[in-house]
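This report looks at how one protein chain is divided and at what surrounds its bound molecule.

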Amino acid sequence: MNEALKLDVRNLQAGYGDVQVLWDVSLDVAAGEIVAIIGSNGAGKSTIMRTLSGLLPVKGGTFSIDGRPMADASAADLVRAGIAHVPEGRRLFSAMSVRDNLLMGAYLREDKAEIAADLESVYQMFPILADRRGQDAGTMSGGEQQMCAIGRGLMSRPSLLLIDELSLGLAPRIVDQLSDRLREINAKGVAILLVEQDVIAGLELANRGFIVDRGRVTLSGPAKDLQGNAAVREAYMGLGAA
Ligand SMILES: Nc1ncnc2c1ncn2[C@@H]1O[C@H](COP(=O)(O)OP(=O)(O)O)[C@@H](O)[C@H]1O
Ligand SMILES: [Mg+2]
């Protein structure tokens, strides 16, 4: 784990083919932080996550980890640099076992004994995954699949976990459990950049937040400031002024 991690995103431009989606997105995550990205459907949240994990090319601007420029890095380079992406919709291999899905997260590692130890830590964190280790991932509930996707992310020993739509389609009780686990993961020194459509829950978990609207960052600040911000409350929480 890398305590010094600082993700610095500067004027990032990205999109799909000729269609530009992100316009001058700047944000940062320091070691030990939980940072939330908030925005409506289609705002560009997943596009940010995909660009930071090397799935989409950087078209302008840049981003760095610990001061090392990463705009030209491959997805594998970014995993080696400490970024793990838990994608929207979990994207497990549904016909593969839970255990094999978890091991996919360690595909760049060769330290067999340490991989086995990390697998045990994931099982300790999510005991249901230990019970289901031999079961096809696709046969599990949505919450269990999300645990498996988070566990897979941890298997690369990240210093920064990118989590896209933690709670989508999950019951509140499961979301609470997952939030507790994320706090534990964070307490062990893993920074988290979280996309969460449940803005109230997302800001509850985060230290800071960035509001994204139509591919641009329109507001940022400490989570408690955003929680009390009248425009944020009205647009994203369906609430009146604090
Ligand atoms: N694979 C894709 N090809 C083309 N356009 C896409 C693709 N994925 C997303 N987009 C477009 O990019 C914009 C931002 O999408 P996305 O980042 O998924 O938003 P969010 O995650 O905030 O809901 C939307 O206009 C969406 O239609
Ligand atoms: Mg999305």
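The text below covers the domains, the contact between them, and the ligand shell. The model is predicted.

**Domains**

The domain assignment splits the protein into two parts: domain 1 takes in residues 1-82 and 159-242, while domain 2 covers 92-157. Taken over C-alpha atoms, the centres of domain 1 and domain 2 are 23 Å apart. Where the domains meet, 12 residues of domain 1 are in contact with 9 residues of domain 2.

Helix 2 (75-80) and helix 7 (172-187) each give at least two residues to the side of domain 1 that touches domain 2. Helix 7 has the largest share of that side, with 4 residues. The make-up by class of this side is 9 nonpolar, 1 polar and 2 charged residues.

**Ligand 1**

Around ligand 1 are Tyr 16, Val 19, Val 21, Gly 39, Asn 41, Gly 42, Ala 43, Gly 44, Lys 45, Ser 46 and Thr 47. Strand 2 (19-30) and helix 1 (45-52) each provide at least two residues of this shell. The largest share, 3 residues, comes from helix 1. In the shell, 4 residues are nonpolar, 6 are polar and 1 is charged.

**Class make-up**

The table sets out the residue classes for the two sets described above.

| Set | Nonpolar | Polar | Charged |
|---|---|---|---|
| Side of domain 1 that touches domain 2 | 9 residues | 1 residue | 2 residues |
| Shell around ligand 1 | 4 residues | 6 residues | 1 residue |

Methods: Residues are numbered from 1 along each chain as its sequence is written. Chains are lettered from A and ligands numbered from 1 in the order in which they are written. This is a predicted model: local features need pLDDT of at least 70, side-chain atom pairs count only at pLDDT 80 or more; totals for chains, interfaces and linings use all residues. Domain bounds come from an automatic or database domain assignment. Two residues are in contact if their C-beta atoms, placed from the backbone, lie within 7 Å. Ala, Val, Leu, Ile, Met, Phe, Trp, Tyr, Cys and Pro count as nonpolar, Asp, Glu, Lys and Arg as charged, and the others, Gly among them, as polar. A residue is near a molecule or strand if its C-beta atom, placed from the backbone, lies within 6 Å of it.
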